[in-house]
Amino acid sequence: MTFRADLHSHTICSDGTDSPTELLHKAHAAGLQGLSITDHDTIEAYTPEIFALAGKLGLQLLPGVELSSEQDGISVHVLGYNIDIHSVSLKSFLANLIERRAERNRAILAKLAKKGFVIHEEELTAFGIRTLGRPHIAELMVRKKYVGSREEAFQRYLQDGASCYASGIKYTPEQVIEQIHLAKGKAVLAHPHFLRTGSFLRRLLELPLDGIECYYAVFHAAQEAPWLKLAQEKGWLVTGGSDYHGTVKPHITLGCSWVGLEHFEALKK
Ligand code: AMP
Ligand code: ZN
Ligand code: FE
Ligand code: FE
């Protein structure tokens, strides 16, 4: 059987819909042999129980996280792999990111309120998780019938630069890369396919990254090619994964994008 590892997935610890346990069972059922859970700004999924379950299922679990940062007021996601989940510096950095999220959510809710879309902070915290953000606000807007769908919420109000968007996670990509390195991890630029090109992208590619996410979700080979070429030129690690979120992104199945053993092992060196 070919070794396949999905290196990008989310659980209910951030904005996915599966618990870490459910996710592992789904990975096993999908025939994957490797997995990384890369929740936004949290490593809560990585409990001793989850490593024990991975062992039982014969699944190699690579510790990971997807960190939020901003360049020129635009969101940039950086993946951290093979991080030391006990790192004190990483834990305090993550706690700070969550605090900044809370502040930024307040700013977004204030902008929405001005348009007559009333959402209380308590309704957000009622989700019972730490990494709260725009996906949860979009969900509440749908529930309250302010919009017809989550997509509409993003397109009309929440996407980067939209009328109710608030920039607020002020760490730069460079700073989050530094934190990943402090925690002995590999820093990888997430889904470059979505990034603004030109000087914005050129500046990002000059940072001390270790790798780039070349295989992503349901992109075609032609869309992967430029990133694979770039990785080769830079001597960077090649990663890939589905960015599975469960039922909130129903068109993305766990394992729809993956890497083989060679790329998986390289992340652990
Ligand atoms: P946040 O961490 O609060 O900035 O929210 C980022 C998340 O929102 C991303 O991981 C996506 O899942 C989602 N998202 C961002 N932009 C869009 C968009 N235009 N349409 C749908 N979802 C989006
Ligand atoms: Zn997400
Ligand atoms: Fe992302
Ligand atoms: Fe993601």
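A polar contact, as the word is used here, is a pair of N or O atoms within 3.5 Å of each other. The model is predicted, and in it local features need pLDDT of at least 70, while side-chain atom pairs count only at pLDDT 80 or more. Residues are numbered from 1 along each chain as its sequence is written, and side-chain values use heavy atoms, with hydrogens and water left out.

With that in hand, turn to ligand 1, where a backbone N or O atom of Arg 134 lies 2.8 Å from an oxygen atom of the ligand. Side chains take part as well, since a polar side-chain atom of Arg 104 lies 3.0 Å from a ligand oxygen, and an N or O atom in the side chain of Lys 249 is 3.1 Å from an oxygen atom of ligand 1.

The residues around the ligand, meaning those with a heavy atom within 4 Å of it, include Asp 15, His 40, Phe 154 and Gln 159. Domain 1 (5-93 + 169-268) and domain 2 (98-158), whose bounds come from an automatic or database domain assignment, both give residues to this shell, so ligand 1 lies between them.

Terms used. Chains lettered and ligands numbered in written order. Polar contact = N/O pair within 3.5 Å; in protein donor to acceptor, adjacent residues only side chain to side chain.
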